[in-house]
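Trainee: Could you take me through one part of this model closely? I would like to start from a single residue and then work outward to its surroundings.

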Amino acid sequence: THTFENAAGSTEYLRIDSSGNFNLGLTASPVSSSTEQGVFLAGADSTQSVISSNVTPFVINRMGTGGNDRNCIEFRNNGVLRGTIGAIGASNGIFFQSGTQEKMRITSEGVLEINRGSASSDAIVINTTSTSNACRIKFNESGSNKAQIAYSHDNDRLELVSQSGNGIAIYSGGNLVWKFDTSGHLLPNSVGAVNIGSTGAEVGNIFLADSKKVFLGSDQDTS
């Protein structure tokens with residue numbers, strides 16, 4: 001073990017232990033510690049991490065659980081703060097800061113929060129250079145894909161994809177108003193409750209295939 005102390009030898013600032021672990025402001029590993037405050041870097045595969053035994057963890061530990069007790073890594077240019085990544089002391093979660101303003105947070109429940117302030121343009125931009133297939137946002141449940149929102153380059157269109165056994169619902173004003181069933185049929189959620197067009201906003205032509213009909217009335221007795 002090698003230690004680095006002040007000139008008087010009364011205060012230890014840095015320690016590299018026999019395992020090659022780097023301890024700045026520490027005398028022992030800060031993993032699971034409420035008394036060791038500082039920076040720790042494992043020298044090799046380490047069992048120090050609470051996540052996995054096959055890691056080389058870089059650990060910043062801070063004592064305190066208040067909302068401002070945050071561990072962070074700052075990125076500066078010519079002494080000016082440009083960005084920060086850190087953990088929230090009061091609860092589990094990660095925050096991302098641009099300049100001096102927090103812009104994004106991942107909460108302990110896995111919720112992604114984006115704080116754009118007064119910005120009114122793009123919120124999320126996904127770029128791809130692929131000239132085939134699609135750029136997708138997937139929704140999985142217990143590892144099984146249930147739905148997707150995709151831009152298909154092959155078909156040059158935005159696609160709402162509901163996987164086998166799942167329909168698509170459209171809500172307005174907080175209420176379910178229309179739904180596509182698993183066969184692709186467009187159905188109102190409540191019989192006779194919603195219109196297509198109005199007296200001031202008529203729709204265009206409606207085209208029916210041969211042998212198809214328009215049925216009228218609750219009993220569909222007129223066609």
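**E159 and its surroundings**

Mentor: Start with the contacts. Setting aside neighbours within four places in sequence, E159 touches Q148, I149, A150 and S152. Keep in mind that this is a predicted model. E159 itself lies in strand 13, which covers residues 157-162.

Is E159 buried or exposed? Its relative accessibility is 16%. The cut-off for buried is under 20%, so E159 counts as buried. Its side chain also has a polar partner: E159 and N155 are joined by a side-chain polar contact of 3.1 Å.

Now look at the contact list again. I149 is on it, and I149 belongs to strand 12, where it stands opposite I137. Strand 12 spans residues 144-152. Its partner is strand 11, residues 134-141. The two run antiparallel, with 8 bridges between them. In general, strands of a sheet pair through backbone hydrogen bonds, either parallel or antiparallel.

What links strand 11 to strand 12? A hairpin with 2 residues between the strands. In that hairpin, S142 takes a positive phi near 55°.

Move further along the chain. Strands 14, 15 and 16 form an open sheet in the order 14-15-16, with antiparallel pairing. Strand 14 (168-172) and strand 16 (186-188) are the edges. Each has a single partner strand, so one side of each has no neighbour in the sheet. From one strand to the next, the twist averages 30°.

Take the pair of strand 14 and strand 15. Strand 15 covers residues 175-180, and 5 bridges join it to strand 14. One bridge to find on screen: Y171 has L176 in strand 15 as its partner. As a rule, side chains in a regular strand alternate between the two faces of the sheet.

Step back to the whole chain. It has 16 strands and 0 helices. The radius of gyration is 29 Å, well over the 17 Å that the globule rule gives for 223 residues, so the chain is more spread out than a compact globule. The C-alpha trace spans about 100 × 40 × 35 Å along its principal axes.

Two more figures fill in the picture. Buried residues make up 16% of the 223. Among contacts between residues at least 6 apart in sequence, 7% join residues at least 24 apart.

Last, the surface. The chain exposes about 16,400 Å², and carbon and sulfur atoms supply 50% of that.

Notes. Residues numbered from 1 in each chain as written. Predicted model: local features only at pLDDT ≥ 70, side-chain atom pairs only at ≥ 80, totals over all residues. Heavy atoms only, no water. Pairing = 2+ DSSP bridges. Helix = DSSP H or I, 4+ residues; strand = E, 2+ residues; numbered from the N terminus. Axes fitted to C-alpha atoms, helices over the stretch in contact; angles between N-to-C directions. Rg over C-alpha atoms; globule rule 2.2 N^0.38 Å. Buried < 20%, exposed > 50% of the residue type's maximum accessible area, 1.4 Å probe, protein only. Contact = heavy atoms within 4.5 Å. Areas by Shrake-Rupley, 256 points an atom, 1.4 Å probe, with all protein chains shown as cover. Polar contact = N/O pair within 3.5 Å; in protein donor to acceptor, adjacent residues only side chain to side chain.
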